[in-house]
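Ready for some practice in reading a protein structure? Work through each exercise yourself before you peek at the solution.

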Amino acid sequence: MKKVIRGIMLATTTVLATAGYVSATFAKDKVTFAAAVFAEAGRGDRVRAWIDTFNKGQDDVEVEPVAIPFSSLANTVFTQMGGGGGPDLIRFDQTDFFAAIPSGRLLPLDNLINEANFKFLAPDRFMKVDGKRYGLLFDTTGYALLYNTKLVPTPPTDFETFLKDAKAQTKEGTFGYAYRATMAERAGFWQDVTNFVYGFKGRWSDGKGKLTLNSPDVVAGIAAYKAVYDAEIIPKGADAATYRRMFWEGKIAMNVDNGGVAAIFNQNAPDLPFKVAPSPFPDKAQGLIMTALVINANSKQPKAAAKFLNWAYAPANQSALLQAMGTNVGTDVPLTPEQTAARPWLAAYAKAMENALPQVVQGFEDKTPEIQQIVLEQVLQVLQGGASPQQAMDKAQALAERRVRR
Amino acid sequence: MADLRPSEVRLEGNSWTPYLFAAPVAIYLILFQFYPLAQEFYLSFTSTDLLRPDDNPFVGLDNYAFLFEAGDLHNVLWITAIYTVCCVVFAVGFGLLAALLLDAPFIGRGVARALVTIPWAAPSVAVALVFTWMFNAQYGIFNHGLRALSLPFGAENWLDNPLLALPAILFTTVWQIFPFSSVVILAALQGVPHELREAAAIDGADRFNIFKIAVWPTIQPTVFMLVLFVTIWSLRRFDLIWLMTQGGPIGATNTMVIELYRQGFVYRDLGSAAAIGMIGLTVALVVTVIYFKVTLAAERAQGKR
C-alpha cells in the first residue's frame, strides 16, 4: 500500500513539475498598460483592438490594457507607484506627467528607444526634461472653435462678435456656448479657463521662475470668462458629457474644445453640420492637449514595455492609432485624401497646434496641480462670489507663491 | 457563586489563559489600528509626497502651522461642525418622528415600514448622481417645482451656488440616513412596556406626556447612541460630498475628510493630510468623551448609578 501511495505522489509531482516548466516556457511577459482612453465608449474599444494586433504578432510579450477613468487615473497610479508598484506602461495627462518626473517614478527612455527612427510632432519637445526623455507623445491636439453651421453660418472672429452671436442663439432650449465652471470637473475647468487666459495673451508664469497669475493679461482672460458666465448664454450646471450631447443634438451653437471632441461629435452624429475655426480671442495662442506614454520606474518588464513602444511608433501602427483615436498622434502621419475627407477637422486642429501651449504652469510643472486648485477656486470667487478678477487673481498669486515656496 | 466578589473568583486554567483569549483581538488592534495610527501621527510631523513616501524629512509642527495659516482650516472646521450638527439634529429628529408614526397602528403599516428603509438601502454613489441631476438648474426637478410655484428662485444650479450647496448636500444626506435612525428607534419603541403607556393614559396624561413619562426614558439610551453614531459618521462622510461637489463651490462643502483627501491626493502632500487626520481624530475623541459624560450624567439623574 505504501508503495502505491509513494508511486502516486511521485507521478503527481512529476506531472505538476512538467506542467509548470511547460507553462513557464510558453508564458509571455505580461505588460500592463493603464490609460483612461480604455474606459471611453467607442475609442476605448478601437485602441484595445489596436493593442490586440501587437499581441497577435508577439511570442514573448503581451500587453494588457487596464481601464481607469480619467478623473481617478493619476490618484490611483500615483498611490500604486508610491507603494513601489503600478502598471508598467501609463498614458499620463501632461499635468500628471510633469508631476511624476521629479519623484523619479518614470523610467528614462533614452536607452530604450532610438528617437532617430521616429518623426515626432513638435510638442514632443515637452517630453524631455533636463535633456532626458521620460515619455513619448501618445496623442495630441489643440483647441479651436467648433460651431454648428446651421445655427452660426459664419464663425465669429473676435470676442465681441462671439458674445453677440452666442446671445442671439440662446433661446428655446438652445444655448449659444458651453464651458465648464465647477470643481467637480476640475481638469476640464482648468483647460477651459486656460484657453481664455492664453487667448487674451495671458500666461500663468513668465517661464523664468515667476508666477504671473495676477498680470493684466491673465486678469483680462478671467474677466472674459466672467463675461460669458454673466451673459446667460451657457447651460449652467451641465457637465461636459451633457453639453457635448446637446451640441450633437443641435442645442449648442459654439464650443471651444479639442480635436477629440470633434471626433466624438462626428461619431455620435455623422450628419451634424459642424466646422472648426480659430477661437474668437485676441491672441491665437490656445491650450495644447498632450498625453505622454511612459514606463513606470517600478516596472519589472522594462524591455518588454520598450518593445511595445518601438512597435507603437512605427509609421503603419501610428496611422492605425490615428484612426482609432480620431486625433493627432505622437508622430507625423501623412493623411490620405480619403482620411482627410472623413475627418476634415484634423487639418484645422493641426493648424491650431502651431500656436498651442501646454496647459501647465511653465517652470512649475510639478506644482501645477496645486496652482490649478488655487486658481480655479479664485475663478469661482469671480464667477459666483462677487470678487473682481483683479482682486481674486491677486489672492491666487499670494496663495500660490506661498504654496510653491513650501 | 453569586455572592462572591470578583477578587474571590478563581479562574480555571493557568495564569496565561486570559491573555491567550485576548491575544487575537489585541494583535489585530495593534497591527491594523494602533500601528497605522502611530504612523499617521509621525507622518503629520514630516514633509511627505504621495509619490515619494519613503522620503519623509521631519518638519516638526510645520504642517499644522501651514494648515492654520495658509490653509482654510478654520472654514473647514466650521463647515464640518455645521454639517455634523445638522445631520444629527435632522436625521435623528426625522427618524424619531418617522418611528413614532410607524409605531402607531394604521392600515398599510407594514408596507410603510418597508418603504421608509429604501433611502438607507440605496448606494451612496447612485444617490449622489440622482440628486446632482435633481439640483440641476435647467433639468432639475427642484427648480421645475420652484418655477411652477412662481417662487423667486428656479434658475439656480444648487450645487454651484455657495449659499445653496451645503443645504443641498445636507438635504441629500438626511434623506439617505434618517431611515436608519427611524428603524433603530422603532425597534427601541417595541421595548416600551404597554402597561406603562396604559397607566399613564389612565392617570390622564395626554400624548405628549405619555411620550415624556413612559416612552422617552426607555428609548433614550438608543437615541443617545444614535446621536453618537450619526455624529461620527457625519464627521467621516466622504462619498456623497465628494461625488456631488468635491468640497466646493469655494469651500462651501469642504469638510475635514474632503480636505484630508484634497491635501493627500490633489496636493499629494501626505504630511498635511496626516495632520488633518490627527485633528479629525482629536475632534472625534472629544465628541466621544462628551457623549460618555452626558450619558453618565443622564444615568445618574435617573438613579441608575
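**Exercise 1.** Leaving aside its neighbours within four places in sequence, which residues is L146(A) in contact with?

*Solution.* Before we start, a word on the ground rules. This is a predicted model, where local features need pLDDT of at least 70 and side-chain atom pairs count only at pLDDT 80 or more, while totals for chains, interfaces and linings use all residues. Residues are numbered from 1 along each chain as its sequence is written, and chains are lettered from A and ligands numbered from 1 in the order in which they are written.

Step 1: get the term straight. Two residues are in contact if their C-beta atoms, placed from the backbone, lie within 7 Å.

Step 2: skip the neighbours within four places in sequence and list the partners of L146(A): M254(A), N255(A), D257(A), V261(A), A262(A), F274(A) and V276(A).

**Exercise 2.** Find the members of the largest nonpolar core that touch the most other members, and say which domains feed this core.

*Solution.* Step 1: start with burial. A residue is buried if 20 or more other C-beta atoms lie within 10 Å of its own, exposed if 12 or fewer, and partly exposed in between, with C-beta atoms placed from the backbone.

Step 2: build the core. A nonpolar core is a set of buried Ala, Val, Leu, Ile, Met, Phe, Trp, Tyr and Cys residues joined through C-beta atoms within 7 Å.

Step 3: look for the best-connected members. Among the 171 residues of the largest core, L146(A), Y177(A), A292(A), V294(A) and V379(A) touch the most other members. At least three residues of this core come from each of domain 1 (27-140 + 289-349) and domain 2 (143-288 + 363-405) of chain A. Domain bounds, by the way, come from an automatic or database domain assignment.

Step 4: put it in context. In soluble globular proteins, nonpolar side chains tend to be buried together.

**Exercise 3.** Describe how domain 1 and domain 2 of chain A meet.

*Solution.* Step 1: find the spacing. The centres of the two domains of chain A, taken over C-alpha atoms, are 27 Å apart.

Step 2: count the residues. Domain 1 of chain A puts 17 residues into the contact, and domain 2 of chain A puts in 14.

Step 3: name the elements. Helices (H or I, at least four residues) and strands (E, at least two) are DSSP runs, numbered from the N terminus. On the side of domain 1 of chain A that touches domain 2 of chain A, α4 (94-100), β9 (286-295) and α13 (345-352) of chain A each supply at least two residues. The biggest giver on that side is α13(A), with four residues.

Step 4: sort by class. Ala, Val, Leu, Ile, Met, Phe, Trp, Tyr, Cys and Pro count as nonpolar, Asp, Glu, Lys and Arg as charged, and the others, Gly among them, as polar. That side of domain 1 of chain A has eleven nonpolar, six polar and no charged residues.

**Exercise 4.** Now do the job for the two chains: how many residues of chain A are in contact with chain B, and which element of chain A gives the most?

*Solution.* Step 1: 26 residues of chain A are in contact with 23 residues of chain B.

Step 2: α3 (70-82), α14 (368-384) and α15 (389-405) of chain A give two or more residues to the side that touches chain B. The most come from α14(A), with seven residues.

Step 3: by class, this side of chain A divides into ten nonpolar, ten polar and six charged.

**Exercise 5.** Where do E172(A) and K201(A) sit, and are they exposed or partly exposed?

*Solution.* Step 1: E172(A) lies in the loop between α5 (159-169) and α6 (186-199) of chain A. It is exposed because 5 other C-beta atoms lie within 10 Å.

Step 2: K201(A) is in the loop between α6 and α7 (216-230) of chain A. With 17 other C-beta atoms within 10 Å, K201(A) is partly exposed.

Step 3: check the backbone. Most residues other than glycine have a negative phi. E172(A), though not a glycine, has a positive phi of about 45°, and K201(A), also not a glycine, has a positive phi of about 70°.

**Exercise 6.** Why does chain B count as more spread out than a compact globule?

*Solution.* Step 1: chain B has 13 helices and zero strands.

Step 2: take the radius of gyration over C-alpha atoms, and set the globule rule at 2.2 Å times the number of residues to the power 0.38. For the 305 residues of chain B the rule gives 19 Å, but the radius of gyration is 25 Å, well over that, so chain B is more spread out than a compact globule.
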